[in-house]
Amino acid sequence: MAESPLPDLFRRQVARTPHATAVRSGGRELDYAELNRRANLLAHHLIARGFGPERLIGVRLARSADLVVALLGILKAGAAYVPIDSDCPAERVAFIVEDTGLELMLVQDAESGADGPRTTTVAEAIAAAEAAGGPDHDPTDADRVAPLTAENLAYVIYTSGSTGRPKGVAVQHDTLVRYLEFARAEYPSLADGALLHSPVAFDLTVTALYGPLLLGGCVRVASLDREPADDGAADDRPGFVKATPSHLPLLTALPSTLSPTGELVVGGEMLIGDVVDRWRRTHPGAAVINEYGPTEATVGCCTFRIGPDDEIEPGATPIGLPTPGTDLYVLDERLRPVGPGTVGELYIAGCQVARGYLGRPGLTSERFVADPFGGGRMYRTGDTVRVRPDGILEYLGRTDDQVKIRGYRIELGEVTSVLAARPGVRQAAVIARQDRSGDRYLAGYVVPVEGAAPDPAALREALSRVLPAYMVPSAVVVLDELPLTSNGKLDKDALPEPPVRDAPTGAAPKTAAEALMCSLFAEVLDVPAVHLDDDFFARGGDSLRAARLATKARKAGWTFGLRDVLELRTPRALAEVAPEDALLTDGAVS
């Protein structure tokens, strides 16, 4: 196993490139020396308050330079961090706080109140350390409350749980460093900088966050839900970008300054070849790597590389071969290996397997089982795969009710449990559906208790206060009974497609531009009609559909972009951004 914890690797890189830019966020830049100094100040501040190895600290910060300082400072102190999305519902935050026993959380803005852990901002903590004349050297075991080893925790990331209770995956420094050692060797473009655009509570982000900082590259904070600001910094294209397959239409629609020059790593969902092909037509010089790996196997443990001149295979892209030190087994129900071409369940063993689930010994022993082939433990993924004759692995699907939407892992049982617990609901079911444009979404179904009349909109609103936005069903349908198969199980195929939500009566378009814009809205949103003042997002839009709308609008003659869709939001407002004579004369919608 890896012997050095992550802070040691970062310290060595600081010594090599002290004056290189380490983080760029908006108009703010930190070089390696200053990033290290600020992280050291924070680390000593935390150590002075008793935080060290195996202690957890919450982090609820937006992507920023302070976020990078916070994570490095926590790791340097020897503690581990628990990332929480800034838009995470209060009830879920409360669960994570209780489940981890958090006593301190680093936040965007200082909060007060007796409930919950103490909170502070990074700026406040560093200012307090400086005011007290605190040290800013790299902490050593002589400074820490206990020695930091590679077997200590680095972070705990919460994922969806099938019983309605999220579970925290506990990842140690040794497995994290093993993955980062692989990434440094396999993704050399990390040295040319990486785009930090995804939530830190999503372990896909680990690569773009720490990879550059171990190679002298720059972590460039950005967003994929709008065009970059015209501040000059956006002209510096990153060498490396990591995203989900759902992000690829966004990257295709957005300016090329957000796409990588060297390597695009894609993970989190099944990758379809034609989606890669559409992106690569406008970015022919970059390699595309399909990286597979559950959080329980530390970010990524299996890769398939498509070079700039390689042909793209149609259909699902293979997940490839294991990373160094990882063993992948394809087994049947009795844990016997299956031959090439035979479908089996994937088990992961080796040096990237996580410690387990925080405070859940029963669940840990159920999913992290003894490895009968090489000793140690192996993680049961629940993913079905098969091995091609050339040894390449192909991902096929799941053995259970776990789904992935926009890269997020969702246990349908958790969403169902929360929905079924609402007042007036006797039974509930949640499934993943696909709309006509190919986008996956969650649909909920409820059977009311006698005399109750649950309102679908109110149910969705109630769920949004408990679940993250990506876990809230896009539609809820009220049924008299749930359909069952002949053996009494839920008949998912018989669940009706949710009806299209009609918008309230609104203004009709008066000009050709307004009519075409309403037509584009309706096509992209997959609804029969859109009124002039309908809000794009209230009618079911999201950033992916917004990118699609901007692309279709450009083909129809307009020049507005994704930022305009996000800010103007209605057909009326968008139709006013370009003169009517800019439209194609045939008015075609493609």
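## Exercises on a predicted model

This is a predicted model, and its chain averages a pLDDT of 89, with 93% of the residues scoring at least 70. Over residues 584-590, though, the pLDDT is below 50, and this stretch has 12 contacts in the model beyond near neighbours in sequence. Where pLDDT is low, the predicted coordinates should not be read in detail.

### Exercise 1: the domains

Find which domains the assignment gives, and how far apart the C-alpha centres of domain 3 and domain 5 lie.

**Solution.** Start with the bounds: domain 1 covers 1-10 + 22-170, domain 2 covers 187-324, domain 3 covers 325-400, domain 4 covers 410-478 and domain 5 covers 512-576. Next, take the C-alpha centres of domain 3 and domain 5: they lie 44 Å apart.

### Exercise 2: a sheet and its helices

Work out the strand order of the open sheet containing E24, E25 and E26, then place helices H11 and H12 against it.

**Solution.** Step one: the three strands run in the order E24-E25-E26, with mixed pairing. E24 (425-434) and E26 (475-478) each have a single partner strand, so each is an edge strand with one side lacking a neighbour in the sheet. On average, neighbouring strands are turned by 25° against each other, direction ignored.

Step two: look at the pairing. Nine bridges join E24 to E25 (residues 440-448) in the antiparallel sense. Ala 432, for instance, has Leu 442 in E25 as its bridge partner.

Step three: add the helices. H11 (residues 412-420) packs on the sheet and touches E24 and E25, its direction making about 145° with that of E24. H12 (residues 456-464) lies across E24, E25 and E26, at about 135° to E26.

### Exercise 3: the surroundings of Ala 428

Decide whether Ala 428 is buried or exposed, and list its contacts beyond four places in sequence.

**Solution.** First, locate Ala 428: its place is in strand E24. Its relative accessible area is 16%, which is under 20%, so Ala 428 counts as buried. Its contacts outside that sequence window are Thr 416, Leu 419, Ala 420, Tyr 445, Val 446 and Leu 482. As a distance check, Ala 428 and Leu 72 are 43 Å apart, C-alpha to C-alpha, and 356 residues apart in sequence.

### Exercise 4: the cysteines

Count the disulfides, and say which cysteine sulfur is nearest to that of Cys 351.

**Solution.** With a cut-off of 2.5 Å between sulfur atoms, the count is zero disulfides. For Cys 351, the nearest cysteine sulfur is that of Cys 301, 10 Å away. Now check burial: Cys 351 is buried at 8% relative accessible area, and Cys 518 is buried at 5%.

Notes:
Residues are numbered from 1 along each chain as its sequence is written. This is a predicted model: local features need pLDDT of at least 70, side-chain atom pairs count only at pLDDT 80 or more; totals for chains, interfaces and linings use all residues. Side-chain values use heavy atoms; hydrogens and water are left out. pLDDT is the predictor's confidence in each residue, from 0 to 100. Contact means heavy atoms within 4.5 Å. Domain bounds come from an automatic or database domain assignment. Two strands pair if DSSP finds at least two bridges between them. Helices (H or I, at least four residues) and strands (E, at least two) are DSSP runs, numbered from the N terminus. Axes are lines fitted to C-alpha atoms, for helices over the stretch in contact, and angles run from 0 to 180 degrees between N-to-C directions. Buried means under 20% relative accessible area, exposed over 50%, partly exposed in between (1.4 Å probe, protein chains only).
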